Amino acid sequence: MKTKYYKLGSGDDREIFRECGKIIRRGGLVAFPTETVYGLGVNAYSGESVPKVFEAKGRPSDNPLIVHVAYPDDAEAVAYTNEKYYELAERFMPGPLTVILPKKDTVPYEVTAGLDSVGIRCPSHKAAHELILDAGVPIAAPSANVSGRPSPTTGEHVMRDMNGKIDAVIDGGECYFGVESTVIALHGNSAEILRPGAVTREDLLEVLDNVTVNPAVKDPSASGARPASPGMKYKHYAPRAEFRLVDAEGDAFIEYVNSLDGDVGVICLDGEAEKFSCPFKYHVKDGDSVRELCHKLFGTFREADDDGVKTLCARLPGDGGEELALYNRMIRAAGGRITVPDKR
Ligand code: TXA
Ligand code: MG
């Protein structure tokens with residue numbers, strides 16, 4: 001299949017959305033930017049077309065897709081909403097939050113992988129919004145990566161993974177956040193965070209009485225017999241390199257990384273980069289480093305792979321606020337292992 005590539009801002013964007021909206025409505029696959037990561041979109045009403053998404057990604061068929069809507073009220077067409085949903089929507093939508101609700105019959109089971117619930121997300125990225133409006137239907141979309149690879153945060157990442165497998169790619173440049181949306185299961189006044197993102201537990205507590213974090217968020221081996229979110233049981237986000245999450249601060253981290261030989265890479269801050277002796281350094285701005293690390297993490301994984309890095313090291317982040325999203329992606333990329341250097 002020849003994949004059409006559209007770059008936003010290089011000509012008539014309106015025409016791009018019209019064309020791609022038509023492709024979606026007719027059952028084709030279009031990758032598009034959101035404020036989190038790129039999505040691989042398909043008509044959420046088309047039970048016939050949805051399996052093509054799973055095929056293009058090589059995604060296990062028991063992992064449900066999120067349904068993207070243009071406005072929070074459009075959830076009415078696909079899910080049974082409630083008052084708390086609208087309170088959350090008022091505060092966090094459009095934006096990087098996905099709310100799991102009971103699904104309506106309009107959503108085929110191909111989308112929800114057989115579940116009676118559906119994830120609703122209203123993206124704030126203008127291109128995602130326009131595409132949904134032009135399609136005239138809700139868009140079911142997972143991240144636009146090959147299953148098991150880091151989520152794509154640039155149009156180029158998408159082309160690398162999906163060229164020849166899908167109908168079109170809309171390139172809108174780098175995604176703002178760089179990690180996927182916060183996914184919550186909503187039960188009355190309470191919610192459980194199934195996947196942490198830029199909307200934090202603390203944020204959610206402004207609207208809800210009680211917000212818990214699913215144990216698998218911090219400990220990927222804790223998924224239990226029946227994970228609440230099927231996606232949590234798969235190894236995700238991983239570079240091909242061995243990713244080592246190192247529990248050491250300051251000089252101890254630097255010493256540890258410098259003690260390793262070979263094709264070693266490190267994720268560090270700009271100001272400390274010259275202290276590392278390894279051949280590959282991926283650094284982020286010293287100020288607001290959590291946001292920066294989230295923004296760059298998946299791109300860094302891909303870059304390290306291109307560079308031929310065999311061992312990639314990063315400091316173990318904290319697990320509060322927005323750092324929980326980083327912690328979750330990193331611990332999963334590290335296969336659940338934390339490396340503690342020997343103390344001398
Ligand atoms: O930021 C995002 O959410 C991006 C952009 C494209 O919107 N999408 C994304 O989709 O990350 P995906 O498919 O890569 O991840 C969706 C996650 C999976 O872990 C899946 O298991 C979970 O949400 N999920 C979806 N529907 C669910 C449901 N009904 N019940 C429980 N978990 C669900
Ligand atoms: Mg994904």
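In this predicted model, ligand 1 is surrounded by 26 residues, of which Thr36, Asn63, His68, Arg121 and Ser181 come nearest. Sorted by class, the shell around ligand 1 consists of 13 nonpolar, 9 polar and 4 charged residues. Two strands, S4 (66-68) and S6 (117-121), each contribute at least two residues to this shell. The largest contribution is that of S6, which supplies 3 residues.

Oxygen atoms of ligand 1 are approached by polar side-chain atoms of several residues. For Ser181 the separation is 2.6 Å, for Arg121 it is 2.8 Å, and for Ser143 it is 2.9 Å. On its own, ligand 1 has 690 Å² of accessible area, and the protein covers 97% of this. Ser181 and Arg121 thus appear both among the nearest residues of the shell and in pairs with ligand oxygen atoms, at 2.6 Å for Ser181 and 2.8 Å for Arg121.

Arg121 also takes part in the surroundings of Glu35, with which it is in contact. Glu35 is located in the loop that runs between strand S2 (30-32) and strand S3 (39-43). Its relative accessibility is 4%, under the 20% limit, and Glu35 is therefore classed as buried. A polar contact links the side chain of Glu35 to the backbone nitrogen of Ser124, at a distance of 3.0 Å. When neighbours within four places in sequence are left aside, the contacts of Glu35 include Gly95 and Pro96, together with Pro123, Ser124 and His125. Further contacts of Glu35 are made with Cys175, Tyr176, Phe177 and Gly178.

At the level of the whole protein, the secondary structure comprises 10 helices and 15 strands. The C-alpha atoms occupy a box of roughly 60 × 45 × 35 Å along the principal axes. The radius of gyration is 20 Å, in agreement with the value near 20 Å that a compact globule of 344 residues would have. Of the 344 residues, 56% are buried. The protein exposes about 14500 Å², and 48% of this area is supplied by carbon and sulfur atoms. Considering contacts between residues at least 6 apart in sequence, 65% connect residues that are at least 24 apart.

How values were computed
Residues are numbered from 1 along each chain as its sequence is written. Chains are lettered from A and ligands numbered from 1 in the order in which they are written. This is a predicted model: local features need pLDDT of at least 70, side-chain atom pairs count only at pLDDT 80 or more; totals for chains, interfaces and linings use all residues. Side-chain values use heavy atoms; hydrogens and water are left out. A residue is near a molecule or strand if one of its heavy atoms lies within 4 Å of it. A polar contact is a pair of N or O atoms within 3.5 Å; within protein, one must be able to donate a hydrogen and the other to accept it, and residues adjacent in sequence count only if both atoms are side-chain atoms. Accessible areas come from the Shrake-Rupley method with a 1.4 Å probe; for residues, only the protein chains shown count as cover. Helices (H or I, at least four residues) and strands (E, at least two) are DSSP runs, numbered from the N terminus. Ala, Val, Leu, Ile, Met, Phe, Trp, Tyr, Cys and Pro count as nonpolar, Asp, Glu, Lys and Arg as charged, and the others, Gly among them, as polar. The radius of gyration is taken over C-alpha atoms; the globule rule is 2.2 Å times the number of residues to the power 0.38. Buried means under 20% relative accessible area, exposed over 50%, partly exposed in between (1.4 Å probe, protein chains only). Contact means heavy atoms within 4.5 Å.
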